[in-house]
Structure formats: C-alpha cells, structure tokens
Amino acid sequence: MRLTIPEEEIMSPGHLACQGCGAALAVRFVLKGLGRNTIMSIPACCCTVIDGPFPYTAYGVPIWHTAFETAASAASGIKAGLDVLGRKETTVLAWAGDGGTFDIGIQALSGAAERGDDMIYVCYDNEAYMNTGIQRSSATPYGAWTTTTPVKHPKNRPKKDIVAIMAAHRISYTATASIGYPEDLIKKVKKAKESEGTKFLHIIAPCPTGWRSRPDDTIKLAKLVVETNIFPLFEVENGEIWKLSKKSKGTPVIDYLKLQGRFRHLKEEDVQTIQMNVDKEYERLLKRCESA
Amino acid sequence: MMKVIMGNHALSYGAKLSRVQVIAAYPITPQTQVVELLSEMCANGELDAKFVKVESEHSAMAASIGASAAGARAFTATSAQGLALMHEMIHWAVGARTPIVLGNINRAMGPPWSIWTEQNDSLSERDTGIMQVYCESNQEVQDTVIQSFKVAEKVLLPCMVVLDAFYLSHTYEPVDIPEQSLVDEYLPPFDPPYKLDPDDPHTFGSLTDAKWYYELRYKIEVAMNKARYEWKKANEEFENIFDRGYGLVEDYKCEDADLILITSGTITGTARITVDILREKGKKVGLLKIRVFRPFPIDEVRDILGSAKKVACIDRNISFGHSGIFFAEVKSALYNLSNRPPIWGYIAGLGGRDVTPESIIEIVKRTEESDKPEELIWIGLKR
C-alpha cells in the first residue's frame, strides 16, 4: 500500500490534550499535510491549552495566540505582513474551534473570505465550548446535552450549516474531513494548500470529555459520524461544484449516538427525529452534488 | 514641500512618510479621509504597502497586530465607537509588544449619536498600555506619526496619535511635508527582535501562569518608563533634521505666571491666544500643553507647575463620578510635592461644543476670584 501520510512528525508529544482528544490528532494531521513552512493563528480554544503553557510549546511551527474572535483577522494581517516582506511561500493557517468559528469568530472569518485573503482556515469542531466546560455553541447538534443545555432542555435547534455559509462566499475550496479518515483529511489539506485565496476545512474532532464517550472510542466515533451521514465528507470548489468524498454506508444514527453520554437522555422518538433530519440533510447534499 | 491639507490627510502623509507596510482599517466618520487617501496612495503605487480592507475595527487592530508580528510596520486609524470596539485588541497589541501606530480622531461616544470632538474615547484606553499623544496642529499630527514609529519601535509598545474631530481632522492648515530621504534618515526600517518565522519558530502569547505573567507586566511598565526618555531623544533628533519639534509638554509663558492653564488638543491654540490677550492686560497667565499623555510626563508637570500660585485644568472629557481626566492625572502628579499649587478642574467643550477665548477668560476669572479649589466646574452649561 502506498503511504499517503507524511512520516515526519511536526507536533511533539507531551502536549496537554485530554486522553482520546480528536483536536490533537487534527493538529497533528494538518501539520503533516502542510509541512514546517507554516504559521498558525490560534484564538482562544482547546488548542490554546493543548500547545502547552509558557515556556513550553508542542506544535513545532510559529504560533500566534490571538483573541477569541480574531483567528481569521489575525491571519489576514500575518499574511499581509509576510507578503510585503516577500515571504510568500509560507502558509498561514487560522486554527479555531467551533465556538471561535461558528459563533464569535464568524464575522472576521466572513470578512477574510469575502476579501479572499490567502489562508487556510481550519475549524476543528468538537461541537461545544469544551475548553470552558462543555457549553453549547451553534455547532452543537440537535438533542445534545451540554452544561448550558441540560437534559430537561437539550439543544432544540439544528447545527449551523457552516460549510454552506463558507461555500456561499464563493471561496476556492471548502471541504469537510474527519480525523477518522486521515488519508482523506491530508489529501484535502494538500488540495487547500494548492488552492488560491481563502480555503475552509471543517474537521470533526470527537471530544471524550464533552461527548461523554470513551477515549478509545474517538476514532470509532470519527468514522461513525461519517458512516451515519451525520457528518458526510465532501468538497466544494468555488462555491459551485459539490463533490462527495465518501459513499454513504447509511449506518443508523443510533449506532453513533449510543456511544455518547451527551445523547443518553434521548427517547426513541428523539432518535427517530434525528434520523429523519440526517436523512433529509443528506438528501439535500446529494442534490447539491448531482446538480453540480 | 508646503501643502495645505486637512488633519486627516496629515495622518495619511505621516504614515506614508514612515513607509508603513501594512494598513488595516475600517471607515468611520470623522476618520474616513485618512484611509481614503492611504487607499489611493497604495493603489497608485506611491506607497508600497498592503491595505487590508477589514470588516470592523476589531479586525483592523487584530490584523495590524498580525502584520506587526510578521515583521511589518503597521498603521491603522479610527475614532470613538471604532476605538471602543478595538479595545480588546489594544490590550493585545500592548501585551504582544507590537509597535503599531494608531491614529484616533477624538469623537464623542454615543448615545446620543455625535460625530463631534471629545476625548473620552481615547482616554478610555488610558490603562491599556498604549502610548498616547495629543496634537494641536496638522503639522504636529504628521510629525507625530513619524516620531511615534520611532519611539514605538524602540520600546515595543503601540502608540495612539490623537487629534480633535473637525477642529483638526477637517480643518485645512499649511503643513511642511518633508523629503522622503530626510524621513528615511530619521526613521530606520522596522527590525523587530522577534517575529513569526518558520525558520526560527517561536510561540507567542501562550497560556502563562502567575509564575511569569507578573514579570511580563513589569516589563511593560519598564518600557513605558523608557519611552519618556525615548520621546525626548526622538524629538531632539527630529529637531536636528527638520528644524521643528515638540516636547512631552509645552510650556508657554509659565516662568513668571501666577496662574497656569492646562490644556490638550486644539483647545491649546485658543488658550495660547487667550494668554496673550490676558498678558496684554497685565495678567500673569501661563499655559501648559500636555502632548504626551502616556507615558505621563510627571517630571515636566511637576517642574512647570511647582512654582505657580494657581493652576486651572481644562478637560474636554470627564470620568463620571470623579472629575476631568487630565485634572485627576495632574493632581496626582503634584500630590507628593511639599509645595504644590491648588488646582481647579474645568469641564468644557464636550460633544464638540466650541471652547472660545471667552470660555477661557471665564475660567481664568473664576480661578482668580476663588479662594478654595473646586474640582468639577462645568463651563458654558445651559441650566
């Protein structure tokens, strides 16, 4: 078998991620895909902490820690500075969680995407504010428990469709990826690196702490979320050409939900509702892919 | 070259002459002409800079910080609500030690909406660690931008160049725009000791516990203190090359003055004329203009005011529940002197209300006639 994952480890062990952290794997894989000539802009998120406290650092590339809502705007400034100094080969990577992307950082992200500032923006999505203690974000899925959506009132609205929002900016490349499929993920990172302007990658990154799942189920969950069509893998080019990256296995959502304590309170009818919603969304995606 | 330009364009020319490399800015009245002219200069190749047309002031400052961290000289400009929106990132620029220069047009904060001058916007940034310089004329605005980069890059702190809305931003005055070669002689290219560089990777701003954070704050104060010296030095070098200069403060007819007025911004020009008028009438009045507000020129203020019999401070700002802000700062600077003059605090001109020679004569008269210092006197208030 051809080895598609670069062997070189840029991220060091000894970081501060929880056991079974999907986000730490996402950093590791994306940096493998990009190489060392990369600068990361990281707003407040789990990855602020995972990197290690001063004076330690784990990521192996220059890191610019920045305020919560500024992953994209700081990256725009870094890129402008590098350009004017003639260092155009360096990749600028904005790296934010779902809160920093879907919620507080969406304005700066939209601004950068509209300007087409040359950067790869990665949202590693663990579906809540995990760093502050599992509060709901607009990426939290329907029905999930968080500390601000208690079991008596779980989240009653669907997850925001961030990929469609980014695709609507007509940026050159938008894609979803999962740490459960590293070859696909790294292929997309490389494609993003070769594309022009703003590129957006939405990476699902299971969080045992917040999802109330077993640390050794992280990879299983990262695969199941794709297999159930809850988080299908696809690409969008120039906001127009939608392409599925993996064919559906159509695994029932219950197989994914039952491994996570955050869904434990759900009744059978709730699971049915989720299944219906997932099927409907997947149909919508297929139509987009066909019409493209 | 002498040119008649508006205060906003004086900021643009100052940035251009400083060879800024990245500009990130968002439009707001009364700042718009600053960025319009800079956009034009970038577009026609007069200025070799990247202009990031951000979607908010918050992003303007975040992008300026990023550019500065990458090693580029960065400039931005804003006003009032925009400055308030930047507030979080001004703290960030200070902590990150990025020497950005920010032009701020003093404008009153809403509500109610106002676009006219008042200093509460810039003074609300007092405790962030950004340096602040208040300008009196368009010439001073242009020159202060150039001086600010010189000082900011020496001490690695950002600097705010402040000018009054309309009274300066939209007023045309003759300005000597120097030869680029002279400015190049004065201001070397930006060469920060640390920057984002994949060949020498460092992490900036990571989680820092109480074991280290305290010392990092101390270093900011050390830099601010060093800036007092650097402002003096930067001004001396500036005078040598350009034959004009500005101190941290300017004292006007203070040596023999019984009463010294304190001003900042454009009220200074009015006060200077008023001092002349009163001097002709035999009144021993002097004027202290505070130009550099952060770092606060504590030694100069003590030296100049120490011998006065009475001091009257005019504030186009207010710290609600206390007093005018310059007043409070001056009073605290004088407190530990054994011989300190009594000081009267006057609020004037909020929201762009005109402060005229008559207003200043009223302030002088009231101070002269009063035996006991008052801390909060509203001039020209309709009751």
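Q: Helices (runs of H or I, at least four residues) and strands (runs of E, at least two) are taken from DSSP and numbered from the N terminus; where does E240(A) lie on that basis?
A: E240(A) is in the loop between strand 7 and strand 8 of chain A. Residues are numbered from 1 along each chain as its sequence is written, and chains are lettered from A, ligands numbered from 1, in the order in which they are written. The model is predicted: local features need pLDDT of at least 70 and side-chain atom pairs count only at pLDDT 80 or more, while totals for chains, interfaces and linings use all residues.

Q: Why is E240(A) called exposed?
A: A residue is exposed if 12 or fewer other C-beta atoms, placed from the backbone, lie within 10 Å of its own, buried if 20 or more do, and partly exposed in between. E240(A) has 11 such atoms within 10 Å, so E240(A) is exposed.

Q: What makes strand 7 and strand 8 of chain A a pair?
A: Two strands pair if DSSP finds at least two bridges between them. Strand 7 (residues 234-237) and strand 8 (residues 241-244) of chain A share 4 bridges in the antiparallel sense, and F234(A) stands opposite L244(A) in strand 8 of chain A. This hairpin has 3 residues between its strands, and N238(A) takes a positive phi near 50° there.

Q: How do you know that chain A is as compact as a globular protein of its length?
A: Chain A has 11 helices and 8 strands. Its radius of gyration is 18 Å, and the globule rule gives 19 Å for 292 residues; the two are close, so chain A is as compact as a globular protein of that length. The radius is taken over C-alpha atoms, and the rule is 2.2 Å times the number of residues to the power 0.38. Buried residues make up 57% of the 292 in chain A.

Q: How do you know that the span of helix 6 of chain B agrees with its number of residues?
A: The expected span is 1.5 Å times one less than the number of residues. For the 18 residues of helix 6 (residues 138-155) of chain B this gives 26 Å, and the end C-alpha atoms are 25 Å apart, which agrees. Helix 6 of chain B also bends by about 25° at T144(B), the bend being the angle between axes fitted to the seven residues ending there and the seven starting there.

Q: What makes helix 6 of chain B mostly covered?
A: Of its 18 residues, 17 are buried. Just after helix 6 of chain B, L156(B) takes a positive phi of about 55°.

Q: What makes strand 3 and strand 13 edge strands in chain B?
A: The open sheet has 7 strands in the order 3-2-4-5-7-6-13 (chain B), with mixed pairing. Strand 3 (50-52) and strand 13 (292-294) of chain B each pair on one side only. Within the sheet, strand 6 (residues 131-134) and strand 7 (residues 159-164) of chain B run parallel, joined by 4 bridges.

Q: How many residues of chain B are in contact with chain A?
A: Two residues are in contact if their C-beta atoms, placed from the backbone, lie within 7 Å. On this basis 38 residues of chain B are in contact with 39 residues of chain A. Helix 3 of chain B gives the most to the side of chain B that touches chain A, with 10 residues.
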